[in-house]
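Got your viewer open? Let's take a walk through this model, one selection at a time.

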Amino acid sequence: MAFGALMLEDIRAQPGVLRALAGHADEYEAVAQEAASRGVTTVRLVAHGSSDNAASFGVYAFGLGRAWTAFRDSISLHVYYGAAVDVSGSCVVALSQSGQTRDVVAYVERARTRGAYTVAVTNDPVSPLARAAEATLPLAAGTERAIAATRTYIAQIAALALLAGGPAYAEGIRELAGLIEAELPRLEQASEDTALLLEPAERLFVIGRGTEFATARELSLKLLETCRVGAQPLTATDLVHGPVAAAGERFPVWAIAADDANLPTVTEAVSRAAAAGAPVVATGPAAAGIAGATRRIPLPPAPLPLLGPALSIVPGQLFARALALARGLDPDAPAGLTKVTLAP
């Protein structure tokens, strides 16, 4: 099989994954209502890797969707240091494709005994994580064949939007599936063209802000995994507070430009990076208006603003695959990685 064939197959399967997930909207709402009935206003998100990147989005999703305070909790604090933190009255949302990561399971077990409402969001309903949690919600992502996660991540973004936004998001997720399906041919070609432009780069800044910082984190991970590129995710604000000094001809910038209140900050960061001589790729619904960008990959607006990160990651996934191929690497099987990470 050709290099990258499995990753491309997984990316192209994402619209179907979204449609399948939308069919579970009632289950998601039942869990959200149970949390509300218990007086929950705080959500503790726990995960590793791509799932933790999705958790970055969850911080915004729960704040915007249900006005609940959400944060990525420290697994080490609870599991390895044994801190006696009061988690009663909070809801733990544990994200794991396999449901087998041992310290995530251990966190959930301890939190449940200490009075938290524990929810597993996993692709395996009989996994150790599912058994440890009080409630389990399906990702419906199916079997992901490439090692680098794509369809699992987009399912987690949509799942968190559904849990935080309510049943109205089910139709928005279905519309998003159709939108991605329609955009894939154009985005596949754009990713190949962009890979040729940035093939010499050994390092890359990936910037986003707000809900799109999750996209910056996930794309950086995909580039590290598949391309051996030293990619660093930053908020647009963080870039201009020092790191922009490293930007230059061989240190490009990938900027995610959402059409929201954070856009002026992203625009300023791109301007500073371009002035330093860095090639800049701008993606997102506001990409067409980003002055100073070397390459633009515009995206249509998502059906609902909160679903934007489930669309903005797609050109990044395709770019990571295309860049790996341009470098003679197989993005389906990055060196030293396996599909399931158990952790200690």
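Start by selecting helix H12, residues 263-275, which lies across E6, E8 and strand E9 (280-284). Its direction runs at about 165° to that of E8. Keep in mind throughout that you're looking at a predicted model.

**Stop 1: the sheet under H12**

Now colour the strands that H12 touches, and add their neighbours. In what order do the strands of this open sheet come? Reading across, you get E7-E6-E8-E9-E10, five strands with parallel pairing. The edges belong to E7 and strand E10 (295-298), each of which pairs on one side only. Going from one strand to the next, the twist averages 15°.

Zoom in on E6 and E8. Strand E8 covers residues 253-256, and three bridges join E8 to E6 in the parallel sense. For a landmark, click Ile-207, which stands opposite Ala-255 in E8.

Next, turn to the other partner of this pair of neighbours: strand E6 (residues 203-208) also pairs with strand E7 (residues 230-235), in the parallel sense and over six bridges. Here the landmark is Val-206, with Pro-233 in E7 standing opposite. How does the chain get from E6 to E7? Follow the ribbon: the chain passes through helix H10 (residues 213-227), making a right-handed β-α-β crossover.

**Stop 2: H10 and its helix neighbour**

Leave H10 selected. H10 packs on the sheet and touches E6, E7 and E8, with a direction that makes about 175° with that of E7.

Now add helix H13, residues 308-326. The axes of H10 and H13 come within 9 Å and cross at roughly 15°, so H10 is roughly parallel to H13. Their crossing is right-handed.

Show side chains to see who meets whom. On the H10 side, pick Thr-215, Glu-218, Leu-219, Lys-222, Leu-223, Thr-226 and Cys-227. On the H13 side, pick Pro-309, Ser-312, Ile-313, Gly-316, Phe-319, Ala-320, Leu-323 and Ala-324. Colour this contact of H10 with H13 by residue type and you'll find nine nonpolar, four polar and two charged residues.

**Stop 3: H13 meets H1**

Stay on H13 and select helix H1, residues 5-12. What angle do the axes of H1 and H13 make? They cross at roughly 170° and come within 10 Å, which means H1 is roughly antiparallel to H13. Met-7, Leu-8 and Ile-11 of H1 make the contact with Gln-317, Leu-318 and Arg-321 of H13. By type, the residues of this contact are four nonpolar, one polar and one charged.

**Stop 4: another sheet**

Time to select E1 to E5. These five strands form an open sheet in the order E2-E1-E3-E4-E5, with parallel pairing. Strand E2 (69-72) and strand E5 (135-138) are at the edges with a single partner strand each, so one side of each has no neighbour in the sheet. The twist here averages 20° from one strand to the next.

For a closer look, pick strand E1 (residues 42-46) and strand E3 (residues 91-96), which pair in the parallel sense over four bridges. Click Arg-44, whose bridge partner in E3 is Val-92. While you have side chains on, a handy tip for reading strands: in a regular strand, the side chains alternate between the two faces of the sheet.

Now bring in the helices. Helix H3 (residues 25-37) lies across strand E4 (117-122) and E5, running at about 150° to E5. H8 lies across E1, E3, E4 and E5, and runs at about 160° to E3.

**Stop 5: H8 and H2**

Keep H8 (residues 151-165) and add helix H2 (residues 14-22). The two pack at an angle of about 30°, and their axes are 10 Å apart. H2 is therefore roughly parallel to H8. The crossing of H2 and H8 is right-handed.

Which residues of H2 meet H8? Select Gln-14, Val-17, Leu-18 and Leu-21, then look across to Arg-151, Ile-154, Ala-155, Ala-158, Ala-159 and Leu-162 in H8. The residues of this contact divide into eight nonpolar, one polar and one charged.

Notes:
Residues are numbered from 1 along each chain as its sequence is written. This is a predicted model: local features need pLDDT of at least 70, side-chain atom pairs count only at pLDDT 80 or more; totals for chains, interfaces and linings use all residues. Side-chain values use heavy atoms; hydrogens and water are left out. Two strands pair if DSSP finds at least two bridges between them. A crossover is right-handed if, with the strands pointing away from the viewer, the path from the first strand over the helix to the second runs clockwise. Axes are lines fitted to C-alpha atoms, for helices over the stretch in contact, and angles run from 0 to 180 degrees between N-to-C directions. Angles under 35 degrees count as roughly parallel, over 145 as roughly antiparallel, 65 to 115 as roughly perpendicular and the rest as oblique. A crossing is left-handed if the near helix is turned anticlockwise from the far one by less than a right angle, and right-handed if clockwise. Contact means heavy atoms within 4.5 Å. Ala, Val, Leu, Ile, Met, Phe, Trp, Tyr, Cys and Pro count as nonpolar, Asp, Glu, Lys and Arg as charged, and the others, Gly among them, as polar.
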